[in-house]
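Subject: Structure handover, internal cavities

Hi,

Here is the structure for you to open. Please have a look first, then read my notes on its cavities below.

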Amino acid sequence: MTITAELIMIPIPAIGHLPPVFEFSKRLISQTNRLSVTIVLIRTPFAPEIESFSDSLAASCDPDRIKFIRVSGPNIPPLESIKSAHTFFPQFLDSQKDAVREALLADRAKQSGSSVSTVVVGVVADILTTAVVEEVGRELEAPTYLFFPSCGAVLSMLLSFPAEFQPTVAAGDPDGEIFFPGFVNHVPHRMLPATILDEEGYAALNEHVGRFREVKGILLNSYEELEAHAVESLVGNSLLPPVFCVGPVLDLKGQGKLGKTSSSIEKIMTWLDDQPESSVVFLCFGTMGRFGGDQVGEIARGLERSGHRFLWALRRPPSDYDDLTNILPEGFSDRTVGNGRVVGWVPQKAVLAHKAVGGFVSHCGWNSILESLWFGVQVAVWPMYAEQQLNAFQLVVELGLATEIKISNRMTGDDKDIVSATEVERGIKRLMEEGVEERRAKLKKISEIARKTLMDGGSSFTSTNHFVRNVLD
Ligand SMILES: O=c1ccn([C@@H]2O[C@H](COP(=O)(O)OP(=O)(O)O[C@H]3O[C@H](CO)[C@@H](O)[C@H](O)[C@H]3O)[C@@H](O)[C@H]2O)c(=O)[nH]1
């Protein structure tokens with residue numbers, strides 16, 4: 001009988017979280033032939049499109065080395081049990097524990113009597129699946145790990161956050177600041193994620209963070225050359241588990257497909273082909289970023305006034321608008337017809353790689369940031385939710401690599417905190433007209449470093465090997 005080592009990955013079922021886990025699994029099996037990987041895909045009733053998205057990612061994996069187990073646990077937890085809007089999704093994931101454990105036990109039972117058997121050498125959590133992973137690790141007597149999908153500065157902040165909720169921070173002193181070891185500068189309270197400012201959300205997140213400290217190792221989707229200060233605060237802290245910087249982990253081939261026909265993608269790319277080099281501003285707000293009608297109007301007016309060419313991914317997540325005519329200001333499409341295009345889901349990496357794209361207005365999801373740095377495209381930050389304000393702060397204030405549309409923005413779900421057309425216009429002009437050569441030169445270097453770090457002998461390549469050794473020894 002052949003016995004191999006098996007690593008089980010349990011990601012959050014979300015479009016921003018699955019591709020790096022698939023890509024990292026592929027990288028692992030290419031760097032060692034002693035490991036196989038099992039990815040557990042938790043079905044979610046909130047985002048049925050994830051099913052076909054993960055199918056498209058799975059199709060690109062070697063089925064002999066990477067296997068998938070789909071799990072359908074309990075549906076939405078009873079409404080009376082939900083503590084706050086910030087705990088809804090974490091509570092859903094926690095409730096999948098038993099179903100995931102049963103599915104994995106059933107999979108192991110299938111192995112008995114077969115010619116190939118595996119020993120589980122680790123179970124890897126995502127930020128909010130640590131309770132599930134703890135349960136599985138205990139049952140299978142395997143050590144647990146964490147794959148942290150955002151930047152080192154945010155990881156460092158979470159690990160240094162006080163165990164108790166901070167009502168004074170939550171009260172939102174507009175001029176208050178706080179020190180975290182992963183940031184050189186003090187972080188303004190207004191940059192903190194909304195979850196941290198909510199007492200129930202804070203408690204739920206802190207339970208996960210408590211488990212981050214107990215794992216055998218932490219994989220970080222970043223690279224030490226990018227975030228030297230933050231990484232030093234993590235690696236140099238002997239009270240923390242070893243941190244392996246293995247990033248950037250990117251689905252560069254764009255294997256995750258989300259309901260767009262190849263002809264509409266082709267139209268976008270053909271339009272870009274016809275634009276002058278570095279002339280187009282690309283606006284895209286991740287998988288969940290959406291705006292109310294008033295904000296859409298302000299963006300449209302700001303874009304138009306800036307006079308720059310644009311490609312704007314305007315969506316109504318999880319899908320696109322069927323008809324944009326009622327969403328955009330009257331006459332906008334006719335007036336900007338030669339200058340810009342408003343589209344839905346775009347193949348973001350292909351767009352960023354296109355030579356016509358000269359700037360990117362981004363919500364600062366960490367994947368989007370890693371992608372822009374990989375392709376050396378300058379960014380104007382417009383964070384919306386989750387940890388995106390901190391990612392924006394890291395990029396603009398700590399690393400000096402980006403400009404801003406509005407760095408302290410937080411999506412409120414309504415049109416209360418509108419970013420005005422004037423702010424949009426100014427932000428786009430700043431991005432496309434001020435200090436551009438200097439920023440592009442810096443970004444070119446970072447882009448080269450990102451590529452080198454993944455090559456044989458590069459820091460992330462080496463760190464991945466150290467992780468493999470940690471798992472196998
Ligand atoms: O029209 C689109 C929109 C998005 N993408 C891709 O979708 C991914 C989006 O990932 P990310 O930029 O990280 O944004 P979110 O989907 O918002 O990511 C979630 O997960 C990230 C990693 O944890 C966090 O940093 C974010 O705050 C959180 O919202 C990227 O690969 C994009 O290239 C497209 O290809 N086309």
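The second largest cavity holds about 30 Å³ of space. Bear in mind that this is a predicted model.

Which residues line the second largest cavity? They are M9, I10, P11, V21, V124, A125, D126 and F147. Two elements, β1 (2-10) and β4 (116-125), give two or more residues each to this lining. By class, the lining has seven nonpolar residues and one charged residue. Polar residues are absent from it. The charged one is D126, because Asp counts as charged.

Now the largest cavity. Its volume is about 40 Å³. The lining consists of M157, L158, F161, I196, Y202, L205, N206 and V209. Both α6 (152-160) and α8 (199-212) supply at least two of these residues. Which element gives the most to the lining of the largest cavity? That is α8, with four residues.

The class count for the largest cavity is seven nonpolar, one polar and no charged residues. The polar one is N206, because Asn is not among the residues that count as nonpolar or charged. Y202 goes with the nonpolar residues, because Tyr is counted in that class.

How many cavities of 30 Å³ or more are there in total? The count comes to two.

To find them on your screen, go to α6 and α8 for the largest cavity. For the second largest, go to β1 and β4.

Best wishes

Definitions and conventions. Residues numbered from 1 in each chain as written. Predicted model: local features only at pLDDT ≥ 70, side-chain atom pairs only at ≥ 80, totals over all residues. Heavy atoms only, no water. 1 Å grid on protein atoms, 1.4 Å probe; cavity = no way out; pocket = protein on both sides within 12 Å on 5 of 7 lines; lining within 4 Å. Points joined across faces, edges and corners; volume = space filled by probe spheres on them.
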